[in-house]
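This report introduces a structure to a reader who has not met it before. Its pockets come at the start, followed by its enclosed space and a number of individual residues.

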Amino acid sequence: MRKVMIAANWKMNTTPREAQTLVSQLLPALDGITGVEVLLCPPFISTVVVSELIKNSGVRLGAQNTYFEDKGAFTGEISPAMLAGMCQYVLLGHSERRGLFGESNQIVNRKIKAAAKHALNPVLCVGESLEDNDAGRTEDVLGAQLRQSLEGISIAEARGLVVAYEPIWAIGTGRAAGGAQANVTIGMLRRTLAGIFDEATAASVRILYGGSANGANIAEFVSQPEIDGALVGGASLKADEFVSMVKQASTAKG
């Protein structure tokens, strides 16, 4: 049975001091909640601080990105070798990285392979635009993102893979992707994974929903059979709301 994951993507928010305050609010409230893996993805500048705070808590740490080389003349980049041993996960292919920084499926593929070398579990983000959704290209776009991003990845390397479905068309547009609709799309993603790897691997991969998940809608998504949790943006910066989401997720599959 796939364990539910609630992942917090803090994006470009929080100073190290603010991150420390947020974690100190989260940890006591999360203590005792079972059946959910909680993942925090702070900015790089706060990873060491957060790592120290959560090391005995069971909360996992993720990076928001990584480069595909271990070291070298790549000013401003962070390598998987730097993250190894501190982070357990790394977000790759996020819609903001694709849209704002021009990351292609081929670049994401190189990053996944680099992360795998250092035992970092990728959280691979995929999603279609409003234009693609309206034109009925959802399956084609998402399928290409998965196949190209995972090209050359072995079944063994895929064991720690998490996929996050971000319906870009539902983020900040006022259009909602309901739980049932998201479940259908995520089911399609799982079938695509079965074609890339095999049925058993596809059945083991956790697929999260990542389209403006919050305390008001989390149960609608996590209660769906194909949806294994959520990648949370803005709501993860509010301790009370994020804790509420984790609590709801812990009972949603029951």
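## The second largest pocket

Strand E2 is the element that gives the most to the lining of the second largest pocket, contributing three residues. The model described here is a predicted one. The volume of this second largest pocket is about 250 Å³. Its lining is made up of 16 residues, and those closest to the centre are Ile 33, Val 36, Ser 57, Gly 58 and Val 59. Two or more lining residues come from each of helix H1 (16-30) and strand E2 (36-41).

By residue class, the lining of the second largest pocket divides into seven nonpolar, five polar and four charged residues.

## The largest pocket

The largest pocket has a volume of about 450 Å³. It is lined by 17 residues, and Met 12, Gln 64, Asn 65, Arg 97 and Phe 101 are the ones that lie nearest its centre. Which element gives the most to this lining? Helix H4, spanning residues 95-101, does so with four residues.

The lining of the largest pocket consists of seven nonpolar, six polar and four charged residues.

## The enclosed cavity

Rolling a probe the size of a water molecule over the atoms shows where empty space is left. In this model the count comes to one cavity of 30 Å³ or more. The volume of the largest cavity is about 50 Å³.

Which residues line the largest cavity? They are Ile 112, Ala 116, Pro 122, Leu 150, Ile 153, Glu 157, Ala 158 and Leu 161. In this lining, seven residues are nonpolar, none is polar and one is charged. The charged residue in the lining is Glu 157.

## The cysteines

How many disulfides does the model contain? The count comes to zero. Cys 41 is in no disulfide, and the nearest cysteine sulfur to its own, that of Cys 87, is 8.0 Å away. Cys 87 is likewise in no disulfide, with the sulfur of Cys 41 as its nearest cysteine sulfur, 8.0 Å away. A disulfide requires the two sulfur atoms to be within 2.5 Å, so the separation of 8.0 Å between Cys 41 and Cys 87 does not meet the rule.

Are these cysteines buried or exposed? Cys 41 has a relative accessibility of 1% and counts as buried. Cys 87, at 4% relative accessibility, also counts as buried.

## Two buried residues in helices

Ser 51 is part of helix H2, which covers residues 47-54. Because its relative accessibility is 16%, Ser 51 counts as buried. Leaving out residues up to four places away in sequence, Ser 51 touches Leu 61 and Met 86. Ser 51 and Leu 61 are 10 residues apart in sequence, and their C-alpha atoms are 6.7 Å apart in space.

Thr 138 belongs to helix H7, which runs over residues 138-149. Thr 138 is buried, because its relative accessible area is 15%. Neighbours within four places in sequence aside, Thr 138 is in contact with Glu 128, Asp 132, Asn 133, Thr 185 and Met 188.

## Loop residues and positive phi

Most residues other than glycine have a negative phi. Ala 119 is not a glycine, yet it has a positive phi of about 60 degrees. Ala 119 is located in the loop between helix H5 (105-117) and strand E5 (121-126). Is Ala 119 buried or exposed? Ala 119 is exposed, because its relative accessible area is 61%.

Ser 212, also not a glycine, has a positive phi of about 60 degrees. Ser 212 sits in the loop between E7 and H10, and at 40% relative accessibility it counts as partly exposed. Asn 217 is in the loop between strand E7 (206-209) and helix H10 (218-222). With a relative accessible area of 15%, Asn 217 is buried. A polar atom of the side chain of Asn 217 lies 3.3 Å from the backbone oxygen of Ser 212.

Key. Residues are numbered from 1 along each chain as its sequence is written. This is a predicted model: local features need pLDDT of at least 70, side-chain atom pairs count only at pLDDT 80 or more; totals for chains, interfaces and linings use all residues. Side-chain values use heavy atoms; hydrogens and water are left out. Buried means under 20% relative accessible area, exposed over 50%, partly exposed in between (1.4 Å probe, protein chains only). Contact means heavy atoms within 4.5 Å. A polar contact is a pair of N or O atoms within 3.5 Å; within protein, one must be able to donate a hydrogen and the other to accept it, and residues adjacent in sequence count only if both atoms are side-chain atoms. On a 1 Å grid over the protein atoms alone, a cavity is a set of points where a 1.4 Å probe fits but cannot get out, and a pocket is an open set with protein on both sides within 12 Å along at least five of seven lines; lining residues have an atom within 4 Å of a point. Grid points are joined across faces, edges and corners, and a volume is the space filled by probe spheres set on the points.
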